[in-house]
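Colleague: I'd like to learn how to read helix packing and a nonpolar core. Could you walk me through an example?

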Amino acid sequence: MAEAITDQRLVKGARSRAAIARHAADVASVEGLAGVSLGRLAADLGISKSGIATLFKNKEALQLAAVRAGRDVFVEQIVTPALAVPRGLSRVRALVDRWLDYIADPVFPGGCFRAAVLAEFDSRPGPVRDAVAADHAEWTTFLTGEIRKAQESGELTGRDAAALAFEIDAIVGAANTARQLGDHERVATARRILADLLR
């Protein structure tokens, strides 16, 4: 009986942690990770600050959880569905198309979570910057790897895979900025540019 109660508490704690981290990512997408605090989230979610502090010891732990939540949403929305597409140029196009869809119809209120926190933390040393940088590096490494797989099958040949991944990242980042500034047409422009790049 005691084990069942303990298991239920663990499950409830994990659910609470996930919900709070996801809300932290929502806040960070608009206000940056600097806008994420125990007090702010407690007020937003109608729970006590001490309740949040029990799950996340401090602001930095909450920010790191927000980075993980942002990554999880990105993987769920973009990477996982694209992995169902056969390896090669089709999969690279699926990744890029889904990423642009994620920009055009944002899951987070402030648009692409990654783009928001990269700009904020690119010059701030510490564990949060390290987590943001590692997340971005993991994504660009994955995208580069998928481009290389396409090249191994005779597609996208004659291009440097890492440079092409960098170009894609830069174009989608610019599209996200334009979208957040209300210029929806730039997302369509980005689609055209990327379609040309991925012939």
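Modeller: Happily, and let's start with a helix pair. Helices here are DSSP runs (H or I, at least four residues), numbered from the N terminus. Axes are lines fitted to C-alpha atoms over the stretch in contact, and angles run from 0 to 180 degrees between N-to-C directions. In this predicted model, local features need pLDDT of at least 70 and side-chain atom pairs pLDDT 80 or more, while totals for chains, interfaces and linings use all residues. Residues are numbered from 1 along each chain, and side-chain values use heavy atoms, without hydrogens or water.

Colleague: At what angle do α5 and α8 pack?

Modeller: The angle is about 20°, and the axes lie 9 Å apart. Angles under 35 degrees count as roughly parallel, so α5 and α8 are roughly parallel to each other.

Colleague: Which residues make the contact?

Modeller: Contact means heavy atoms within 4.5 Å. From α5 come Val-96, Trp-99, Leu-100, Ile-103 and Ala-104, and from α8 Ile-168, Asp-169, Val-172, Ala-175, Asn-176 and Arg-179.

Colleague: Why look for a nonpolar core?

Modeller: In soluble globular proteins, nonpolar side chains tend to be buried together. A nonpolar core is a set of buried Ala, Val, Leu, Ile, Met, Phe, Trp, Tyr and Cys residues joined through side-chain atoms within 4.5 Å; buried means under 20% relative accessible area (1.4 Å probe, protein chains only). The largest one has 57 residues, and Trp-99 and Ile-168 are among those touching the most other members. Its largest share, 11 residues, comes from α4.

Colleague: How much of the chain is buried?

Modeller: Buried residues make up 41% of the 199 residues, in a chain with 9 helices and 0 strands.

Methods
Buried < 20%, exposed > 50% of the residue type's maximum accessible area, 1.4 Å probe, protein only. Helix = DSSP H or I, 4+ residues; strand = E, 2+ residues; numbered from the N terminus. Parallel < 35°, antiparallel > 145°, perpendicular 65-115°, else oblique.
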